Amino acid sequence: IRQNSSGGTQVNSASGQVLNLSINNSAKMTINSAGATVTGSLNANLGTIKASSGATSFIIDSLSGQDANLILKSDAGGANEDWWTLRADNDQKLYIRNGNTDLHAFTSAGLVGIGTVSPTEKLYVVGELALEETGSSSGLIKFRDTDQAVIGQLGLARTTNDIVTGSANLDMAFRLEYNNDFIWGKSNAQYMRLTSGGTLGLGNG
């Protein structure tokens, strides 16, 4: 252990050797001579890793061809022991894993998979999707344009006139913000159209 010319502290091992960090002569962390492999464990009970000033980055850089993993492990032991992993793979995805099972994925193209690791849309959900009301407000799906203005809404009305004038509690309501039509179709063919004026047409609308 020595002080370098910049006033910092260096811990050195002989060339070609490993560096062991030990407690009571028991190695807790080992760094090989290539500086690319760290083994062992670091237990930081309620501890904090931070910089004294400026921005802080904690980088996990994997070996060539290997995944980079950040593992969160509960210490319940036995059958109650639980492992959660954030895994960066070579396929440019970030996975959330429980145990040995990948549950969710984020792609480099900005696609998010919930219940799937192969999303093809901005949000791809496999399973049930729940929308919960907040207080007396409806759980809504809102459609917006590129300026973030709401152009359409869909949901269960929670209170009278909550979504559409005249709606009652728990009515299913669809609302357009402009004078456009509702259209129902199948396989790109139109079967029914409700115009903005209230006319309902069957077939071609």
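Q: Strands are DSSP runs of E, at least two residues long, numbered from the N terminus; in which strand does F106 lie?
A: The model is predicted: local features need pLDDT of at least 70 and side-chain atom pairs pLDDT 80 or more, while totals for chains, interfaces and linings use all residues. Residues are numbered from 1 along each chain as its sequence is written, and side-chain values use heavy atoms, without hydrogens and water. F106 is at 33% relative accessibility, and its secondary-structure element is strand 9.

Q: Is F106 buried or partly exposed?
A: Buried means under 20% relative accessible area and exposed over 50%, with partly exposed in between (1.4 Å probe, protein chains only). F106 has a relative accessibility of 33%. The residue is therefore classed as partly exposed.

Q: What is the order of the strands in the open sheet?
A: The sheet is built from 6 strands, and their pairing is mixed; two strands pair if DSSP finds at least two bridges between them. Strand 6 (68–73) and strand 11 (123–125) each pair on one side only, as the edge strands. From one edge strand to the other, the order is 6-7-8-9-10-11.

Q: Which residue of strand 10 stands opposite H104?
A: Strand 9, residues 101–107, runs antiparallel to strand 10, which spans residues 112–114. The two are joined by 3 bridges. Opposite H104, strand 10 places I114.

Q: How many salt bridges does a search of the whole structure find?
A: A salt bridge is a side-chain nitrogen of Lys or Arg within 4 Å of a carboxyl oxygen of Asp or Glu. Among them are the contacts of R87 with D102 and of D181 with R193. The whole-structure count is 6.

Q: How far apart in sequence are the parts that the salt bridge between R87 and D102 ties together?
A: The side chains of R87 and D102 meet at an N to O distance of 2.5 Å. R87 belongs to strand 7 (residues 83–88) and D102 to strand 9, so the contact ties together parts separated in sequence by 15 residues.

Q: Which of these two partners, R87 or D102, is buried?
A: D102 has a relative accessible area of 22% and is partly exposed. At 8% relative accessibility, the buried partner is R87.

Q: Which residues are linked with D102 in a network of salt bridges?
A: D102 meets R87 at 2.5 Å, N to O. The side chain of D102 also meets that of R97, here at 2.9 Å, N to O. With D102, the network links D67, R87, D89 and R97.

Q: What separates D181 and R193 in sequence, given that they form a salt bridge?
A: The closest N and O atoms of D181 and R193 are 2.7 Å apart. D181 sits in the loop between strand 14 (172–176) and strand 15, whereas R193 is in strand 16, so that distant parts of the chain are linked. D181 is partly exposed at 28% relative accessibility, as is R193 at 21%. The separation in sequence is 12 residues.

Q: Which residue in the turn between strand 15 and strand 16 has a positive phi?
A: Strand 15 (residues 182–186) and strand 16 (residues 189–194) run antiparallel and are joined by 5 bridges. Within this pairing, G185 has Q190 as its bridge partner. The two strands form a hairpin with 2 residues between them. The turn residue with a positive phi, about 50 degrees, is S187.

Notes:
Helix = DSSP H or I, 4+ residues; strand = E, 2+ residues; numbered from the N terminus.
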